[in-house]
Structure formats: structure tokens, C-alpha cells
Amino acid sequence: MTEATRPGAALRVRPRRGRRGLHLLPAMTLAVMLGPVAAGLLGTLAPAFGILPAAGLVEPGLGAFRDLLGWPGLPRATLLSLWTGLAATAASLAIVTMIAACWQGTRTFAVVERLLSPLLSVPHAAAAFGIAFLIAPSGWVARVLSPWLTRWERPPDLLIVQDPAGLALIAGLIAKEVPFLMLMTIAALGQVEARRSVLVAQSLGYGRETAWLQVVLPRVYAQIRLPVYVVLAFSMTVVDVAVILGPNTPPTLSVQVVRWIGDPDLALRLRAAAGAVLQLALVVGALGLWRLGELAVAALGRRWVWSGRRGTSMRLVRPIAVAMAAGSGAAVLLGLAGLALWSVAGFWTYPDALPEGLTLRTWQRFAPALAETAAETGIIAAVATLAALVLTIGCLEAEHRYGLRMTRRAMWLLYLPLLVPQVAFLPGLQMLMLQAGASTGLDAVIAAHVVFVLPYVFLSLGDPFRAWDSRHGTVAHALGAGPDRVLWAVRLPMLLAPVLTAAAVGFAVSVGQYLPTLLIGGGRVQSLTTEAVALASGGDRRAIGAYALAQTAAALLPFALALAVPRLVFAQRRGLRHG
Amino acid sequence: MRPALSLAAAALLATPAAAKTDPADWPAVLDAARGQTVYWNAWGGSTATNDFIAWVGDRVKEEFDVTVEHVKLSDTGDAVSRVLAEKAAGRDEGGAVDLIWINGENFAAMKQARLLFGPFAEALPNWQHVDVEGATVRTDFTVPTEGYESPWAAAQVVFMYDTADLPEPLPDMGALLAWVKANPGRFTFPQPPDFLGSTFLKQALYDLAPDTAPLLDPVDEADYEAVTAPLWDFLDALTPQLWRSGRAYPQSGPRQLQLMADDEIDLAISFSPGEASTAIANFQLPEVVRTFVMDGGSIGNVSFVAIPYNASAKEGAMVVANFLLSPEAQARALDPGHLGYGTVLAMEKLDPAERQLFDRVDLGVATLPPEELGPILPEPHPSWMERIEADWTRRYGVAD
């Protein structure tokens, strides 16, 4: 019998034991999450301003920046980062807005919702490989249409993938960011009573889309603003996708920074640090630019609202919205199908739509290494996710018990690791960890993954956790359960579905991490993602196909479990199956 | 002052890396190696090499109880910079890298910064079979190896061509330019500073430069302009006719191979006479691909393995380096069904049973027999490469 079941315990709402620990948890969580970011930024700033004691450099100076400015590719690389980031974010947001405005509450929207989990779980690198094979001049689309339709006996010499304007990169980013923003939008829609607002507006004679844009969008956007910023910062600074789909003459700034870090010449480390600082400034600038854009759009929107025009004729937009969303989803799924086919392909050349023969050789060849790498990937993801879950639930429970409220500023802190470019602080962190003599092994990689997993787990679990009907707790208290027992015996079991979903999100985020694994792992920790990107430097599509599929499976499996487990456990309790 | 220099200066003051076990005392090395795990940092972009390294791992585990973990790099420079970072952080023991597949400028950089363990190479038992007269195993891009790296594979430039679209070999760079002009978009090379792309530039330089003698010495301002001027003229004419008009390049050799398999290009450079045969066997190239060498000879070099000064498993690493020089490993590497790399052993130093291992290897349909590979040109001094890579990037690599 626990202490809480003794007579009189029911009246005591606050537990004696563990109170202090729980109280400190939010601060501790922030330290776990932001400590590495802050330390890493310092580790990047110092060499950028010429301080690298290991090389005997202690005099601060601007030499590294002068060196950076001397690199002839800088203007183009900088512009590329800005342009690809802003374009991908604007397009993704536009697609999501159109879909939600035109289709919310319809059966089509339900289909979109159902497709989200699989699309979200496809890691960025795998999606990029798939898209690259799909759209290349000798790619799958061209193969299926050639030569009977296109008359291309040989692949045309067209610059589609890795084009200097970064269009392929933008397309790849859109395909992955639309599902993410869609998920965030759906979560926000639940909080703003969108359906009822639209109905009221419609009864005043507004068209459905006009009503949605004027009444719902401003409130939804306020909720998804931070995720949009995350998409912007990510799109500007992504490395793995840009390596696969982005241009190389020159590449985007982040890719070039990573190349400099890998150069044996130590002088280039200073230049890389200066480049990382520039990248950080670029992100801050772009966020500012975006904010100005928000204000401009809001001003225009207000004029539109005041005009009072009912705008009933937006039917035309509906098929466009569906086509764009379907296109971005199909690009990811067809690309994966192409990779799956490559992983079992014999010789397969242009313009054959299918390989000459099928063989299991690739899988036989990679099975042992794949199993080993998958196990390591799984361990990292499982431990990082578990740590993030414990911290998140602890924070939320502390918030609940002590009546703490998460301020807007705290929300920003939560998003900070996702907003600061990875290339701006991970190299600095790597250097600091080496200097501190910390091991660059599995434990360090897991700690680095927690930094990125935690925000997503928190964002995913926060709302359902807070929305839990606390009257269940009151009843349990009345029956003699203390706060701990309420948490363990009532609240968490009731929240099984959202907890598992949050865990699946965390797992998928961890599986997809490239730079943290590569840099902090010191090369000794190999995940499915680092292996897949290393293989991509080769270009053997069969090997890439096998690894990309394994990577996707590793991210998808937890989502499937998160759906299936509550159904099994709560087979007799229908109301608990969905969070 | 360039920090790399000051680091080298600081390194001079440090004590040279001493092995716990003397490489000459081989039984002691074997003893110490037992149970060790060797983190072999090697480029991981080629499935054939990855499989070969995995096989080496299986064999040394079986025979010497040494575990090999292949750290798959996308660039060898990653491993070099990792050792550099460790040195900068004062981690002089227990480093993350035990063995590196290395040559050329990376070796020169590591040797200069005193980041290597050794000398050990010529103390390895299997050194006795090494072809010290023929293959350039004692210099690496003109830099003396002095036992700080151990050879394991010989390479020579060949061109792979799709006989369906390009029926006859091209005798020199002039013919290549003429063919590319007649067939725009059907040739490219990996983007320098990828080593294969840089090799194409060097091969062209050998073919075009009026005087190639200065290439073997460190680059000299006065010579540089004169020697490289014909190369830039050639590239100015060639680049607009390349695949994607020279506005994009494959990022590595295997990517270039994939372009050939996709029928996007008909001609590609390779640093391994057997690579085409291996790729055909693996369905990675069409069966009609063959190889040729240019009349003036082609650049040859040797791949080595080196051990960082702070490696955690130096003995295990030496055992792996020694195994790589065994007739068994060398014969397997020669087989295009596995790797298709040239051997660094001298056949006459082997006993008949060992030689038979090599005689049994079928070189494959697309591999030139040794007598048709023509003269081997030595690699230029690494400083040439650095200058040419930087200039190439400035001229063609960032323009758009």
C-alpha cells in the first residue's frame, strides 16, 4: 500500500516527497535543451573572431570574416540560402492555407489528415533521394514518358536537379514542409472553433474560403507562427537535402560551411565559423523580413475585411489546392516507391520504365550492416525520446500541480533549438566537447538528439496533456489517491494515445537527425541517416534505396505502434483509443 | 600567418608519438592487437569498397581477433580534420580514428602537422612482397612516405566509354575536346576538389603543358602561370560543352558512373582500370562500356593506410595494414568481381602458390591487360593540386 492510500491522505493535494525535484524540472529541462545551444554558439563565435587557443590564436580580429568575404562564391551562396528558405516557406504556407480554407470539414480533408503521419515520418534525406530520381532528366517520370511521348531517345541535357536557382531544392523542401505545417494547422484549428466561425460568416453571405481566410486564418496563424519560423530557419540552413537536391556551383551557405569544417586546413575552420555566424545573422534577418511581410499581409487583409466583399467565387481555387497538396504528397510517396524498386533492381537504364530484372542481391548484401545500424539508430532514438518524454511529462505535471503557466516567452525558448541553425552551434559544440575531454560516443549523440527531440515531444504532448479533464483527478483524489498516483494510475493511462504519438514524433525526429549524429558522434556513431547520406556521396541508387527504406521504416514503425497499441489496450474502451 | 603553420610549429615542440609496441617486434604487436577494435576511416561512397572492407574485417577477426569498424566518410578530409580537432583539444591518446585510407594532399597535410604514427610500414612482415621498384610506394604525390603510411592498392587513370555512342578511343585531350564539341552534353567529370575531378585536371595538364618537369616540385609563382595557361584555355573551350553546360557537376566518381548507367553521358574518367568491369558485374554500367588510356600515358598513384598519432588501437591498425598486403587480400582486391584495384606486390617476390592466386583472377571484359595500360605518369606535387583546385573553383565552380 502506498502512503497515499492511508486515511486522511486524500485531503493532502501536494505530495511531500519529490516536490522539490518536480519544481526544479522546468528549469532543468531548459538547461538540457538550451545549454548545448548556448555553449555551441560560444564555441562558434570565438573562432569566428579569430580566437582559437589550440592553434595559438588568442588575439581577437576580423581576419576570418575578411577571408570569408574573399571567397568568390559568397554572394550567390548567401542569396541562395535566403531565396530557397523564403520561397519554400511561403509556398508551403500558401498550400496549407489553401487546403484548409477550401476543404476543412470535408471528406477530402479527412484523407489529407490520414496521410500526414506516413508523410511526416519519411526522413528528409530519403524524401530528397526519391524526388531526385523522380524528376531528373533520366528519372522515373522521363523514363515512363520516353521515348513514345517525349521523343527523347537519350535523356535531355536539362538542368533540373541541382539547378543553380535551387528550384529542385525548394520543391523538395515544400514536399516535406507541407505535411509539417498541415499537422500544426490541424492542431491549431481545434483550438479556434474554426467550423463554427466559418458557419457564422457563411450565414452572413460570405463564401466558404473567404470566410475561412478572414475569420479563421488570423487566429490560426497566431498559433502556427512559431512553426512557420521553424520551417523558415530550417529551409534556409538544411544540409542533407541541399546536398542532394541543391546546386553546387556554388552550394548554399550551410553546405559550404560544412565542407569547410571537413577540410584539413585549420584556416578554413575559422572561415567556417565566420560563415556559421553569417548564416545565423541571415536567419535572424530573414525572420525579420518575414515579420514585416506578416504586417503587410495583415494590413492588406484588414482592408479586404473592411471592404465587406462576400467573395463567393473561389471555387476555382479548390482543385488547385488539392492538386498542389496531392502533388507534394505524391512526390514523396512515388519517390519512395522508386527507391524501393531500385533496391531490388537488376540493370535498369534509361528509358526503361522498369528494371530488366529483379534481384534480392542488394538486400542480401546490406542486411547485416543494415541490422546493426538500425539497432544503433533505434537505441539512440529510444533513449533520447524516453528522456524527452520524462522531462516533458515532468514539466507539464509541475505546471499542473503548481499552477505555473507557460508564457509566450517560454514558448520561444522551447522553439529556440529549432530556430538556431544547426551549423551555427553544432561545430562549436563539437570543439568544446573535445576540449572538455568528453567522450564523442553514443551518450553524447543521445544528449545532442534530446536538444532537438524535446521541443517536438513537448509541442506534441502539451495540448492533449493540458486538455485532460481534471475532474477525473478530483474523483481519484476523493477516492484517496495522491497526486503521484493520479498521474500514474489515471492521467497517463488515459493519455496513452497522445503520449505514444509524442513518442513516435520524437523517435522520427531522432531518426532523421544528420548533423548532430555526424559531428557529435565523431564519426564513430553511425545512424541510418548518416549512412544514407554517406552513400549518397557515392550514388549507388540500389544501396541508397535500401538505406532510405530502412530509414523510413524506422521512423514509420513507431507511428504505427502509436496507432495500434491504444486500440489493443483499450479494446473495450472506445473513448480512450484516440487522445 | 596561416593557423595550419602555427599548429605545425606547435607540433614540433610536442614529443613524437611513440608506440607502446615496437612494430619490429611483430609477435608482440599481434599479442597487443588481440581483442582491439580498429575504427577504419575510409570513404564510404562505393559499395564495392565497402564490401571489401567488410571482408577484411571478417578475415582479421577470424585470424587475429581484431574487430574492424568501417567509419564511412563522405570525404577523407573529415577524418583528417577530426584528428586535427583532437590534437587542438589536447587529446593525444584514445583518439577516435585508428586507421585512415589516405593519399596525396591529406597525407601531406597530416605528415606536415605530425599527426601520424610511425614509421611502421616497412616493418610490417608483408612488406617483403611489396613492389618497391615498380609501384611508387615510397613517395605519395612526390612526398616521401618514410614509413608513415602503408600501401595497399595501385591505381591508374583510365577513361570509360560507352561504345554504343563513342566507338573509338580518344588518343589525347585535343581529340577529347573535338569529340565533346561534336557531342555537347555527353561528358563531365566529378566536381573538383573531388579527387577524381582534380585528377582529370591533372591528366589534362600533363597532356597540354609545354613542360611537365616543374610539376614534380612545389609550385612556383613564375612557373604556375606558364604551365597552367594551356589548361585554362582548354577548359574555357570545354566547359560550355560539358553535361549541363558545366553549370552542374556530379559530386563524386560513383555519381558520374550512375550518369553513365542512366545514359546521360558517354565518357567518364576512372582511377581504377578494373572499375568498369566491376560495375558491369554489379549492374551499375551497361555491358558495352570499355576503357582506354591516352597515348601520352596516364597518372598513376597508390592508395595507402595511415595511423593517427593518437590512435586507440595502433597495434590492431598495423595488423589490418599488414593483412591488406597479404597475397590473399591483394588477389581479392584485383578481382573485378570484388574491387578491381591494382596490386602493389611484386609477382616475382611471391612463391608459386601465392602467384597462382593472381593468375586465377579474371580481369573482366572492360579491363585493359597490364601491357596495354601504357606509361604511368607520377602525381604532381600536392601544392599544384591546391592551386589548381582553388583556381578551378574561382573560374568555374562558383560562377553559377
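Domain bounds here come from an automatic or database domain assignment. What follows is a set of close-ups of a predicted model.

**Chain B splits into two domains, each assembled from two stretches of sequence.** Domain 1 of chain B takes in 3-151 + 303-363, while domain 2 of chain B takes in 158-300 + 377-397. Their C-alpha centres sit 28 Å apart. Where the two meet, 17 residues of domain 1 of chain B are in contact with 17 residues of domain 2 of chain B. On the domain 1 side of that contact you'll find 8 nonpolar residues, 8 polar ones and 1 charged one.

**Chain B mixes 14 helices with 11 strands.** Measuring along the principal axes, its C-alpha atoms fill a box of roughly 65 × 55 × 35 Å. The radius of gyration of chain B is 21 Å, and a compact globule with 400 residues would come out near 21 Å, so the two agree. Buried residues account for 56% of the 400 residues in chain B. Take the contacts in chain B between residues at least 6 apart in sequence, and 82% of them join residues at least 24 apart.

**Confidence in chain B dips at helix 1 and peaks at helix 11.** Helix 1 of chain B (residues 3-13) has a mean pLDDT of 39, against 97 for helix 11 of chain B (residues 314-324). Over residues 1-19 of chain B the pLDDT stays under 50, and the model has 25 contacts beyond four places in sequence for this stretch. Chain B as a whole averages a pLDDT of 88, with 94% of the residues scoring at least 70.

**Chains A and B meet through 51 residues of chain A and 58 residues of chain B.** On the chain B side, the elements giving two or more residues include helix 1, strand 1 (37-43), helix 3 (47-64), strand 2 (67-73) and helix 5 (105-112) of chain B. Further along the sequence, helix 9 (253-261) and helix 14 (382-397) of chain B also chip in. Helix 4 of chain B gives the most to this side, with 10 residues. By type, the chain B side sorts into 25 nonpolar, 17 polar and 16 charged residues. For the complex, the predictor reports an ipTM of 0.80 and a pTM of 0.84.

**Chain A has 23 helices and 0 strands.** The radius of gyration of chain A is 25 Å, close to the 25 Å that the globule rule gives for 579 residues, so chain A is as compact as a globular protein of that length. Its C-alpha trace spans about 80 × 70 × 55 Å along the principal axes. Some 52% of the 579 residues in chain A are buried. Of the contacts in chain A with a separation of 6 or more, 80% involve residues 24 or more positions apart.

**A:Phe129 and B:Val320 touch the most other members of the largest nonpolar core.** That core holds 301 residues. It draws at least three residues from each of domain 1 and domain 2 of chain B. Zoom in on A:Phe129 and, leaving aside neighbours within four places in sequence, its contacts are A:Ile244, A:Leu339, A:Ala536, A:Ile544 and A:Ala548. As a general backdrop, nonpolar side chains in soluble globular proteins tend to be buried together.

**A:Val228 lies in helix 9 of chain A, which covers residues 208-237.** This residue has 23 other C-beta atoms within 10 Å, so A:Val228 is buried. Skipping neighbours within four places in sequence, A:Val228 is in contact with A:Thr89, A:Leu93 and A:Leu181. A:Leu181 is 47 residues away along the chain, yet the C-alpha atoms of A:Val228 and A:Leu181 are separated by 7.2 Å.

**A:Pro227 also has its place in helix 9 of chain A.** A:Pro227 counts as buried because it has 21 C-beta neighbours inside 10 Å, and the cut-off is 20 or more. Again leaving out neighbours within four places in sequence, A:Pro227 is in contact with A:Leu181 and A:Met184. For a long-range pairing, look at A:Leu419: it is 192 residues from A:Pro227 in sequence, with the two C-alpha atoms 9.4 Å apart in space.

Definitions and conventions
Residues numbered from 1 in each chain as written. Chains lettered and ligands numbered in written order. Core = buried A, V, L, I, M, F, W, Y, C linked by C-beta atoms within 7 Å. Buried ≥ 20, exposed ≤ 12 C-beta atoms within 10 Å, placed from the backbone. Contact = placed C-beta atoms within 7 Å. Helix = DSSP H or I, 4+ residues; strand = E, 2+ residues; numbered from the N terminus. Rg over C-alpha atoms; globule rule 2.2 N^0.38 Å. pLDDT = per-residue confidence, 0-100. Nonpolar A, V, L, I, M, F, W, Y, C, P; charged D, E, K, R; others polar.
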